[in-house]
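Trainee: Please take one part of this model, its aromatic rings, and go through it closely with me.

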Amino acid sequence: MSSTATATANTTATDTITLAGAPVADSSRQDGNGPELTPLQAMGHRGVAPPGIPKFTDFATQRQWILEHLAGAFRVFGRNGFAEGIAGHISVRDPEFPGRFWMNPLAVHFSMMKVSDLICLDMQGNVIGGNTTIPANAAGVSIHTACHIARPDAHAICHAHSINGKAWAAFGRPLDMISQDVCYFHNAHTVYDNYGGIAFGADEGQNIAHALGDARASILVNHGLITVGSTVDEAAYLYTLLDKSCGIQLMAEATGLPKRIVPEAEAAGTFKVAADPECLYVEFQPSYKLEEYLNPDFKQ
């Protein structure tokens, strides 16, 4: 089956950050003195960065932290209304065994997800750990396995049939850069233009992975949205942002009025800030911490 990739982009956390054609974080601090600012430091007042992705000395502690954030991401998805029957999945690679990943079981509502519900599978689809009382979603295993194999850098993958995403996907068009926030997907999202039915077989999962390419997101025509990230926090934040961006574009299109597109240089500069995994991790923390505050039982 064919697919159309509208754009892809790759940047690193050490790239110079430019907004409106002027340096925001170049080879020195904004006043021309002191050490170079990282993208995360550039976001903090006077170059003070908020806490970033934690470091771990053992895999067991790291795995527990990752699974808590995976379960927390599901709670965020539930609060955002992304649940649709048994559809939708989030997966994350195991930190010790990169040929394995964790994902949600079939027919457990996002808003009820706990660490103890999660299933560990290998890249052949075999269940090898975690919850063995409920199966995983077959289509989800197909899509996530194909994407994890195709993208070794994609440690986490989010896919759901959210309302705004499904509505915008009906047009088979990439998003226009009409706001600062949607510029996080500037030249970094694709369109999979050939819906192949429910992804029970490996072919449709591989088609989606091919359409995704090396982008951070893809709009799946007649289907939904998919995002990837180096952490589950990054992938989940990008999903919430992508769905909102679809809704905003739908509202803008509905007016019939001309749209003001963000100029290329400004869109590219905004993306360079947003490309940093540490920044995207931090973007998700308000939502994650809200779930901790409201009901931390997802960590069980």
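Mentor: A charge is said to sit over a ring if NZ of Lys or CZ of Arg is within 6 Å of the ring centre and within 35 degrees of the ring normal. The model is predicted, with local features needing pLDDT of at least 70 and side-chain atom pairs counting only at pLDDT 80 or more, whereas totals for chains, interfaces and linings use all residues. Residues are numbered from 1 along each chain as its sequence is written, and side-chain values use heavy atoms, with hydrogens and water left out.

By that rule, the charged end of Arg 100 sits over the ring of Phe 97, 4.1 Å from its centre. Turning to rings against rings, the structure holds 10 aromatic pairs (Phe, Tyr or Trp rings, the last by its six-membered ring, with centres within 6.5 Å; planes under 30 degrees apart are stacked, over 60 edge-to-face, the rest tilted). Phe 77 and Phe 82 are an edge-to-face pair, because their ring planes stand at 85°, with the centres 5.0 Å apart. Phe 77 also pairs with Tyr 239, this time tilted, at 5.1 Å centre to centre and 40° between the planes. That second pair links distant parts of the chain, 162 residues apart, with Phe 77 in helix H2 and Tyr 239 in helix H6 (helices are DSSP runs of H or I, at least four residues, numbered from the N terminus). Phe 77 and Phe 82 are both buried, meaning under 20% relative accessible area with a 1.4 Å probe and protein chains only, and Tyr 239 is buried as well. Ring pairs join these three with Phe 74 and Phe 110 into a cluster.

Technical notes: Buried means under 20% relative accessible area, exposed over 50%, partly exposed in between (1.4 Å probe, protein chains only). Helices (H or I, at least four residues) and strands (E, at least two) are DSSP runs, numbered from the N terminus.
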